[in-house]
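Q: I am new to this structure and would like to learn how to read it step by step. Could we look at it together, taking one feature at a time?

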Amino acid sequence: MENVRALGNDIYEIDTRMAGYRGITAGYLILGDHPCLVETGTSTSAPIVRDALTHLGVGPADLATVVVTHIHLDHAGGVGDIAGFYPKAQIVVHEKGARHLADPARLMASARMVYGDRLDTLFGTLSPTDAHRIRALGDTGAIDLGGGRRLESHHSPGHAKHHVGLVDTVSGDLYVGDAAGVYLPETGDLRPATPPPDFDLETALNSLSLFQALAPQRLLFSHYGPVDAVRDTLDRSAEELRVWVDLTREAQADGLDLDHAVAMVRERTRTRYRALDGDEENRERFELLSGAESNVAGILHWLDRVPS
Ligand SMILES: [Zn+2]
(Lines give C-alpha, C1' and ligand atoms only; values in the text may rest on other atoms or scores of the structure.)
Protein backbone atom coordinates (compact mmCIF):
# COMPACT_ATOMS: atom_id res chain seq x y z
CA MET A 1 0.00 0.00 0.00
CA GLU A 2 1.44 3.28 -1.12
CA ASN A 3 0.88 5.23 2.09
CA VAL A 4 2.19 2.53 4.45
CA ARG A 5 5.88 2.02 5.18
CA ALA A 6 7.51 -0.59 7.43
CA LEU A 7 9.98 0.94 9.91
CA GLY A 8 11.17 -2.28 11.57
CA ASN A 9 10.19 -3.86 14.90
CA ASP A 10 6.59 -4.27 13.65
CA ILE A 11 6.16 -0.51 13.38
CA TYR A 12 4.37 0.97 10.38
CA GLU A 13 4.24 4.59 9.33
CA ILE A 14 0.89 5.57 7.83
CA ASP A 15 0.64 8.70 5.70
CA THR A 16 -2.74 10.07 6.76
CA ARG A 17 -2.91 12.26 3.65
CA MET A 18 -4.03 15.21 5.75
CA ALA A 19 -6.10 17.62 3.65
CA GLY A 20 -4.96 15.67 0.59
CA TYR A 21 -1.25 16.39 1.16
CA ARG A 22 1.35 13.66 1.07
CA GLY A 23 3.95 13.37 3.77
CA ILE A 24 2.77 15.99 6.23
CA THR A 25 1.04 14.06 9.02
CA ALA A 26 1.90 10.51 10.03
CA GLY A 27 0.15 7.98 12.20
CA TYR A 28 2.03 4.92 13.39
CA LEU A 29 0.82 1.39 13.99
CA ILE A 30 2.70 -0.84 16.42
CA LEU A 31 1.63 -4.31 15.43
CA GLY A 32 1.94 -6.79 18.29
CA ASP A 33 -0.29 -8.84 20.55
CA HIS A 34 -2.13 -5.62 21.39
CA PRO A 35 -2.01 -3.44 18.26
CA CYS A 36 -1.64 0.23 19.05
CA LEU A 37 -2.21 3.26 16.83
CA VAL A 38 -0.17 6.36 17.69
CA GLU A 39 -1.95 9.48 16.36
CA THR A 40 -5.12 9.21 14.31
CA GLY A 41 -4.60 12.19 12.04
CA THR A 42 -7.60 14.35 11.24
CA SER A 43 -11.23 13.31 11.09
CA THR A 44 -11.18 13.46 7.29
CA SER A 45 -8.15 11.11 7.33
CA ALA A 46 -9.91 8.45 9.43
CA PRO A 47 -11.10 6.31 6.46
CA ILE A 48 -7.57 6.40 5.01
CA VAL A 49 -6.11 5.26 8.33
CA ARG A 50 -8.71 2.50 8.58
CA ASP A 51 -7.81 1.27 5.08
CA ALA A 52 -4.15 1.16 6.11
CA LEU A 53 -4.97 -0.85 9.25
CA THR A 54 -7.11 -3.25 7.23
CA HIS A 55 -4.20 -3.69 4.82
CA LEU A 56 -1.95 -4.49 7.81
CA GLY A 57 -4.39 -7.14 9.02
CA VAL A 58 -5.98 -5.19 11.86
CA GLY A 59 -9.73 -5.77 11.81
CA PRO A 60 -12.51 -3.94 13.65
CA ALA A 61 -12.14 -6.08 16.80
CA ASP A 62 -8.33 -6.11 16.81
CA LEU A 63 -7.13 -2.63 17.63
CA ALA A 64 -6.35 -2.51 21.37
CA THR A 65 -5.21 1.07 21.87
CA VAL A 66 -5.24 4.49 20.27
CA VAL A 67 -2.87 7.01 21.83
CA VAL A 68 -2.41 10.64 20.82
CA THR A 69 0.60 12.80 21.72
CA HIS A 70 -1.77 15.75 22.14
CA ILE A 71 -5.27 16.76 21.11
CA HIS A 72 -4.60 19.24 18.31
CA LEU A 73 -6.83 18.31 15.40
CA ASP A 74 -4.02 17.21 13.07
CA HIS A 75 -3.11 14.53 15.65
CA ALA A 76 -6.38 13.66 17.35
CA GLY A 77 -9.15 14.97 15.08
CA GLY A 78 -9.93 11.41 14.00
CA VAL A 79 -10.18 9.91 17.50
CA GLY A 80 -13.99 9.80 17.56
CA ASP A 81 -14.18 8.22 14.10
CA ILE A 82 -11.44 5.69 14.83
CA ALA A 83 -13.05 4.83 18.19
CA GLY A 84 -16.23 4.11 16.21
CA PHE A 85 -14.44 1.88 13.69
CA TYR A 86 -12.62 -0.05 16.46
CA PRO A 87 -15.10 -0.54 19.32
CA LYS A 88 -12.66 -2.44 21.54
CA ALA A 89 -9.90 0.14 21.43
CA GLN A 90 -9.05 2.15 24.52
CA ILE A 91 -8.27 5.80 23.86
CA VAL A 92 -5.22 7.09 25.73
CA VAL A 93 -4.41 10.78 26.19
CA HIS A 94 -2.86 13.07 28.78
CA GLU A 95 -5.25 13.95 31.61
CA LYS A 96 -5.29 17.62 30.57
CA GLY A 97 -6.67 16.65 27.15
CA ALA A 98 -9.08 13.86 28.12
CA ARG A 99 -12.23 15.91 28.63
CA HIS A 100 -11.89 17.52 25.18
CA LEU A 101 -12.02 14.11 23.51
CA ALA A 102 -15.20 13.24 25.44
CA ASP A 103 -16.75 16.63 24.73
CA PRO A 104 -15.02 18.39 21.82
CA ALA A 105 -17.41 21.37 21.62
CA ARG A 106 -15.01 23.92 23.13
CA LEU A 107 -12.01 22.60 21.24
CA MET A 108 -13.92 22.77 17.95
CA ALA A 109 -15.21 26.26 18.70
CA SER A 110 -11.72 27.62 19.31
CA ALA A 111 -10.39 25.84 16.21
CA ARG A 112 -13.22 27.44 14.21
CA MET A 113 -12.09 30.85 15.47
CA VAL A 114 -8.52 30.20 14.32
CA TYR A 115 -9.20 28.51 10.98
CA GLY A 116 -12.64 29.75 9.92
CA ASP A 117 -13.94 28.02 6.78
CA ARG A 118 -10.61 26.28 6.29
CA LEU A 119 -11.40 24.12 9.31
CA ASP A 120 -13.59 21.78 7.27
CA THR A 121 -11.10 21.16 4.48
CA LEU A 122 -8.03 20.98 6.74
CA PHE A 123 -9.36 18.94 9.67
CA GLY A 124 -13.06 18.10 9.57
CA THR A 125 -14.90 17.65 12.86
CA LEU A 126 -13.68 15.84 15.97
CA SER A 127 -16.50 13.54 17.13
CA PRO A 128 -16.95 12.77 20.83
CA THR A 129 -15.69 9.54 22.38
CA ASP A 130 -17.49 7.76 25.23
CA ALA A 131 -15.77 8.86 28.43
CA HIS A 132 -15.54 5.30 29.73
CA ARG A 133 -13.29 4.38 26.80
CA ILE A 134 -10.78 7.13 27.56
CA ARG A 135 -7.77 6.52 29.80
CA ALA A 136 -6.05 9.63 31.10
CA LEU A 137 -2.28 9.69 31.58
CA GLY A 138 -0.52 11.52 34.39
CA ASP A 139 3.12 12.68 34.34
CA THR A 140 4.11 9.19 33.24
CA GLY A 141 2.17 6.12 32.22
CA ALA A 142 2.46 2.93 30.22
CA ILE A 143 0.56 1.20 27.44
CA ASP A 144 0.80 -2.59 27.27
CA LEU A 145 1.67 -3.67 23.73
CA GLY A 146 1.80 -7.38 24.66
CA GLY A 147 4.72 -9.77 25.08
CA GLY A 148 6.36 -7.53 27.67
CA ARG A 149 6.59 -4.61 25.24
CA ARG A 150 5.34 -1.25 26.45
CA LEU A 151 4.89 2.29 25.28
CA GLU A 152 5.94 4.58 28.12
CA SER A 153 4.50 8.08 28.20
CA HIS A 154 6.23 11.21 29.48
CA HIS A 155 4.40 14.48 29.93
CA SER A 156 6.20 16.96 27.66
CA PRO A 157 4.40 20.32 27.68
CA GLY A 158 5.60 23.47 25.93
CA HIS A 159 3.94 23.06 22.52
CA ALA A 160 0.71 22.14 24.28
CA LYS A 161 0.05 21.69 27.97
CA HIS A 162 -1.36 18.21 27.42
CA HIS A 163 1.49 16.89 25.24
CA VAL A 164 3.18 13.54 25.86
CA GLY A 165 6.20 11.81 24.31
CA LEU A 166 6.05 8.03 24.02
CA VAL A 167 8.96 5.58 24.23
CA ASP A 168 8.77 2.05 22.82
CA THR A 169 10.60 -0.27 25.25
CA VAL A 170 11.57 -2.69 22.46
CA SER A 171 12.63 -0.41 19.60
CA GLY A 172 13.75 2.56 21.71
CA ASP A 173 11.78 4.86 19.41
CA LEU A 174 10.49 8.12 20.82
CA TYR A 175 7.25 9.50 19.38
CA VAL A 176 7.89 13.23 19.68
CA GLY A 177 4.54 14.59 18.51
CA ASP A 178 5.15 18.31 17.95
CA ALA A 179 7.40 18.85 20.99
CA ALA A 180 10.57 18.84 18.85
CA GLY A 181 9.03 20.90 16.04
CA VAL A 182 8.21 20.01 12.45
CA TYR A 183 10.72 18.07 10.37
CA LEU A 184 10.64 17.97 6.57
CA PRO A 185 12.40 14.80 5.37
CA GLU A 186 12.66 16.10 1.79
CA THR A 187 14.91 18.99 2.85
CA GLY A 188 16.10 18.04 6.34
CA ASP A 189 14.62 21.30 7.62
CA LEU A 190 13.41 21.55 11.19
CA ARG A 191 11.16 24.39 12.31
CA PRO A 192 9.61 25.01 15.71
CA ALA A 193 5.88 24.72 16.38
CA THR A 194 4.97 27.38 18.95
CA PRO A 195 1.24 28.07 18.54
CA PRO A 196 -1.00 29.90 20.99
CA PRO A 197 -2.28 29.53 23.62
CA ASP A 198 0.03 27.09 25.43
CA PHE A 199 3.51 27.77 24.06
CA ASP A 200 6.03 28.36 26.84
CA LEU A 201 9.77 28.50 26.10
CA GLU A 202 11.18 27.18 29.38
CA THR A 203 8.64 24.37 29.49
CA ALA A 204 9.34 23.46 25.88
CA LEU A 205 13.12 23.42 26.47
CA ASN A 206 12.65 21.29 29.58
CA SER A 207 10.68 18.79 27.52
CA LEU A 208 13.52 18.62 24.98
CA SER A 209 16.00 18.03 27.84
CA LEU A 210 13.75 15.26 29.10
CA PHE A 211 13.76 13.71 25.61
CA GLN A 212 17.59 13.85 25.55
CA ALA A 213 17.71 12.19 28.97
CA LEU A 214 15.46 9.38 27.76
CA ALA A 215 18.24 8.60 25.23
CA PRO A 216 15.96 7.19 22.53
CA GLN A 217 17.31 5.23 19.56
CA ARG A 218 15.29 7.17 17.01
CA LEU A 219 12.77 10.00 16.80
CA LEU A 220 9.41 9.50 15.10
CA PHE A 221 7.96 12.84 14.08
CA SER A 222 4.24 13.20 13.48
CA HIS A 223 5.38 15.76 10.90
CA TYR A 224 7.13 13.80 9.47
CA GLY A 225 8.76 10.42 9.79
CA PRO A 226 11.78 8.77 11.44
CA VAL A 227 15.05 10.55 12.26
CA ASP A 228 18.10 8.63 13.48
CA ALA A 229 20.34 11.53 14.52
CA VAL A 230 18.67 11.91 17.90
CA ARG A 231 21.01 14.17 19.87
CA ASP A 232 21.79 16.55 17.01
CA THR A 233 18.15 16.84 16.05
CA LEU A 234 16.96 17.59 19.58
CA ASP A 235 19.78 20.15 19.91
CA ARG A 236 18.53 21.76 16.72
CA SER A 237 14.97 21.78 18.05
CA ALA A 238 16.12 23.78 21.06
CA GLU A 239 18.17 26.12 18.87
CA GLU A 240 15.19 26.71 16.58
CA LEU A 241 13.03 27.66 19.56
CA ARG A 242 15.62 30.15 20.78
CA VAL A 243 16.01 31.74 17.33
CA TRP A 244 12.26 32.27 16.90
CA VAL A 245 11.80 33.55 20.43
CA ASP A 246 14.78 35.95 20.16
CA LEU A 247 13.51 37.38 16.88
CA THR A 248 9.95 37.71 18.12
CA ARG A 249 11.20 39.39 21.28
CA GLU A 250 13.11 41.86 19.08
CA ALA A 251 10.01 42.56 17.01
CA GLN A 252 8.02 43.14 20.18
CA ALA A 253 10.68 45.47 21.58
CA ASP A 254 10.54 47.42 18.30
CA GLY A 255 6.81 47.87 18.87
CA LEU A 256 5.76 45.90 15.77
CA ASP A 257 2.18 44.65 15.54
CA LEU A 258 1.49 40.99 14.76
CA ASP A 259 1.52 41.36 10.96
CA HIS A 260 4.79 43.27 10.94
CA ALA A 261 6.36 40.97 13.52
CA VAL A 262 5.43 37.97 11.35
CA ALA A 263 6.89 39.63 8.27
CA MET A 264 10.10 40.49 10.11
CA VAL A 265 10.58 36.99 11.57
CA ARG A 266 9.69 35.38 8.26
CA GLU A 267 12.30 37.48 6.46
CA ARG A 268 15.02 36.97 9.07
CA THR A 269 14.53 33.16 9.18
CA ARG A 270 14.10 32.68 5.42
CA THR A 271 17.64 31.45 4.73
CA ARG A 272 17.50 28.91 7.58
CA TYR A 273 15.20 26.58 5.67
CA ARG A 274 15.93 25.02 2.31
CA ALA A 275 12.23 24.33 1.82
CA LEU A 276 11.56 28.04 1.43
CA ASP A 277 13.86 28.19 -1.60
CA GLY A 278 12.40 25.06 -3.12
CA ASP A 279 9.09 24.16 -4.61
CA GLU A 280 5.80 25.67 -3.60
CA GLU A 281 4.51 22.49 -1.98
CA ASN A 282 7.27 22.40 0.66
CA ARG A 283 6.60 26.03 1.47
CA GLU A 284 2.90 25.25 1.86
CA ARG A 285 3.68 22.30 4.14
CA PHE A 286 5.69 24.45 6.49
CA GLU A 287 3.03 27.14 6.59
CA LEU A 288 0.31 24.61 7.33
CA LEU A 289 2.14 22.84 10.17
CA SER A 290 4.30 25.49 11.79
CA GLY A 291 3.19 28.66 10.08
CA ALA A 292 5.15 31.80 10.77
CA GLU A 293 2.00 33.59 11.86
CA SER A 294 0.95 30.86 14.28
CA ASN A 295 4.49 30.59 15.68
CA VAL A 296 4.95 34.32 16.19
CA ALA A 297 1.44 34.70 17.66
CA GLY A 298 2.16 31.88 20.11
CA ILE A 299 5.47 33.40 21.19
CA LEU A 300 3.92 36.87 21.58
CA HIS A 301 1.10 35.38 23.64
CA TRP A 302 3.69 33.79 25.93
CA LEU A 303 5.83 36.98 26.10
CA ASP A 304 2.76 38.92 27.20
CA ARG A 305 2.36 36.61 30.17
CA VAL A 306 5.96 36.34 31.39
CA PRO A 307 7.87 39.06 33.17
CA SER A 308 10.82 40.06 30.94
ZN1 LIG B 1 0.87 18.90 14.70
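**Cavity, sheet and helix pair**

A: Let us begin with enclosed space: this model, which is predicted, holds 1 cavity of 30 Å³ or more.

Q: How much space lies in the largest cavity, and which residues are the closest to its centre?

A: The space in the largest cavity comes to about 80 Å³. Its lining is made up of 15 residues, and those closest to the centre are Ala179, Ala180, Gly181, Ala193 and Leu241.

Q: Which elements supply at least two residues each to that lining, and how do the lining residues divide by character?

A: Strand 13 (189–191) and helix 8 each supply at least two residues of the lining of the largest cavity, and helix 8 gives the largest share, with 3 residues. By character, the lining of the largest cavity consists of 8 nonpolar, 4 polar and 3 charged residues.

Q: Turning to helix 8, how should I read the way the axes of helix 7 and helix 8 cross?

A: An angle over 145 degrees between two helix directions counts as roughly antiparallel. Here the axes of helix 7 (residues 201–214) and helix 8 (residues 230–253) come within 10 Å and cross at roughly 175°, which makes helix 7 roughly antiparallel to helix 8.

Q: Which residues in helix 7 and helix 8 meet?

A: From helix 7 come Leu201, Ala204, Leu205, Leu208, Phe211 and Gln212, and these meet Arg231, Leu234, Asp235, Ser237, Ala238, Leu241, Arg242 and Val245 in helix 8. The residues of this contact divide into 9 nonpolar, 2 polar and 3 charged. Leu241, in helix 8, is also one of the residues closest to the centre of the largest cavity.

Q: For the open sheet of 7 strands, what is the strand order, and which strands stand at the edges?

A: The 7 strands of this open sheet follow the order 1-2-3-4-5-6-7, and their pairing is mixed. Strand 1 (4–6) and strand 7 (134–137) each have a single partner strand, so one side of each is left without a neighbour in the sheet. From one strand to the next, the twist averages 20°.

Q: In which sense do strand 1 and strand 2 pair, and which helix packs on the sheet, touching both of them?

A: Strand 1 pairs with strand 2 (residues 11–15) in the antiparallel sense over 3 bridges, and Val4 stands opposite Ile14 in strand 2. Helix 1 (residues 46–55) packs on the sheet, where it touches strand 1, strand 2, strand 3 (26–30) and strand 4 (36–38), and the direction of helix 1 makes about 145° with that of strand 2. Helix 4 (residues 95–102) also packs on the sheet, touching strand 6 (90–94) and strand 7, and its direction makes about 130° with that of strand 6.

Conventions
Residues are numbered from 1 along each chain as its sequence is written. This is a predicted model: local features need pLDDT of at least 70, side-chain atom pairs count only at pLDDT 80 or more; totals for chains, interfaces and linings use all residues. Side-chain values use heavy atoms; hydrogens and water are left out. Axes are lines fitted to C-alpha atoms, for helices over the stretch in contact, and angles run from 0 to 180 degrees between N-to-C directions. Helices (H or I, at least four residues) and strands (E, at least two) are DSSP runs, numbered from the N terminus. Angles under 35 degrees count as roughly parallel, over 145 as roughly antiparallel, 65 to 115 as roughly perpendicular and the rest as oblique. Contact means heavy atoms within 4.5 Å. Ala, Val, Leu, Ile, Met, Phe, Trp, Tyr, Cys and Pro count as nonpolar, Asp, Glu, Lys and Arg as charged, and the others, Gly among them, as polar. Two strands pair if DSSP finds at least two bridges between them. On a 1 Å grid over the protein atoms alone, a cavity is a set of points where a 1.4 Å probe fits but cannot get out, and a pocket is an open set with protein on both sides within 12 Å along at least five of seven lines; lining residues have an atom within 4 Å of a point. Grid points are joined across faces, edges and corners, and a volume is the space filled by probe spheres set on the points.
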